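Here's a quick tour of one model, with a look at a sheet and some charged pairs. Have the sequence and the 3D view open as you read.

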Amino acid sequence: MSVFPPLETQNAYPQAVTLSLDLRPHPNGDTWAITAQLNRPEQWLTLLSGCIRVSVRRGILNLQGQGGTLTQSSNLPSGTRLLYHTSSEARWQIDFSGKPTPLTLALGCLSGPTAASHWQATLILTPADLAIADSQGLWPPDLSPNQLAIADRLIAQFLVQSCFPGALSCCQWAMADVLPDNLPPTPWDAKALAAQETDLGDRLQVLNQATSTDLLSLTRLVGLDSQQDLAGGKFVGVNLSGIDLSGANLANSNFRGAILTDADLSGANLAGSSLRGADLSGAYLEGANLTQVDFRKASLALTNMIGADLTGANLHGTALNNANWSRANLNLAQIGDNAGLSQTQQANLIERGAKLSAEFGQEMLG
């Protein structure tokens, strides 16, 4: 069967990600199957006096239009979640982590298209969806882990706000040969982009020359908001002992091996983050969103997790000495091989929804 390709496709930064969507006629009547293909080459991008390699970790794919009825697919692959759906619009959250590239998705079907049909698909990113996988020539090799963490978020914010306005990628279809007048805007203005890149360079220079390595001081110094702009950050091995990030959005961040002893993370959103091997001894996590957090081999000794949501969190091998779990949601949290957790306490956690992890089960059988 022939494929009906979009009449217009815009991929602003094909070095980072490309989106292609096609309509293919379905054997059952006047219906077209919608297929998306996303490719993430992770190529180098020139920036200031150096270059970076950007990794797109997640994104929101939005499809909307008129002329026909949109039906969703009932068989979405792992990592793809339907957020919203009507007969004229659908929105999916796509997690690219560990997925092959290109990634092909069967999104659903369009039935009953007319001569006036017009549909548009866009891929939208936030700074939290981007990771700076590597860099060259942008800062000295002796930059501290805290400074590197802020530089990572500065660049991610610059890319989304200055280079990816509205949508990183866009595809449009029309059953007629001419698209309507409401075409997407051009991706960026070269003169404005140059000015914004200069501003980024100035802020990175201020960061490089900072005398303090305190994360919150560095955040304020370069004009970032510690409550919102640190989400998706790379905080590997940083020392954040005693930091106050209560209520902050830190979702999908990497705190592997970080020192967070006595940190105040109450009410913070850490959903989807990695805290593998991190030291959170004495940390305050009351009411925090810890869904799907990787705590493997971390220390949660003396940690206050009253009322926290640990749905789907991985706690295998985590030290849990004297941790306070009162009113915490432990549904499908994985436990096993936990220092400081008695058999009675383990049984109590299982009664509240926790599960012995497969890793622990295999160790017991061995």
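Why is D152 counted as buried? Because its relative accessible area is 6%, and buried means under 20% relative accessible area, with exposed over 50% and partly exposed in between (1.4 Å probe, protein chains only).

Before going on, a word on the ground rules. This is a predicted model, so local features need pLDDT of at least 70 and side-chain atom pairs count only at pLDDT 80 or more, while totals for chains, interfaces and linings use all residues. Residues are numbered from 1 along each chain as its sequence is written, and side-chain values use heavy atoms, leaving out hydrogens and water.

**Salt bridges**

The structure holds seven salt bridges, each one a side-chain nitrogen of Lys or Arg within 4 Å of a carboxyl oxygen of Asp or Glu. Here are some of them:

| Pair | Closest N to O distance |
|---|---|
| R58 and D129 | 3.6 Å |
| D152 and R153 | 2.7 Å |
| R296 and D294 | 2.8 Å |

R58 and D129 tie together distant parts of the chain, 71 residues apart: R58 sits in strand β6, and D129 in the loop between β11 (118-124) and β12 (130-136). Both of these partners are buried. As for D152's partner, R153 counts as buried because its relative accessibility is 1%. Elsewhere, R40, E42 and R53 are joined into one network by salt bridges that share partners.

**Around D294**

You'll find D294 in the loop between α3 (215-221) and β14 (334-335). With 14% relative accessibility, D294 counts as buried too. Its side chain also makes a polar contact with that of R296 at 2.8 Å; such a contact is a pair of N or O atoms within 3.5 Å, where within protein one must be able to donate a hydrogen and the other to accept it, and residues adjacent in sequence count only if both atoms are side-chain atoms. Setting aside neighbours within four places in sequence, D294 touches S273, S274, L275, R276 and N314, contact meaning heavy atoms within 4.5 Å.

**The sheet**

Now for the strands, which are DSSP runs (E, at least two residues; helices are H or I, at least four), numbered from the N terminus. Six of them make an open, antiparallel sheet in the order β1-β13-β11-β6-β9-β8; two strands pair if DSSP finds at least two bridges between them. At the edges are β1 (8-11) and β8 (80-85), each pairing on one side only. Within the sheet, β6 (58-66) runs antiparallel to β9 (89-95), joined by seven bridges, and N62 stands opposite R91 in β9.
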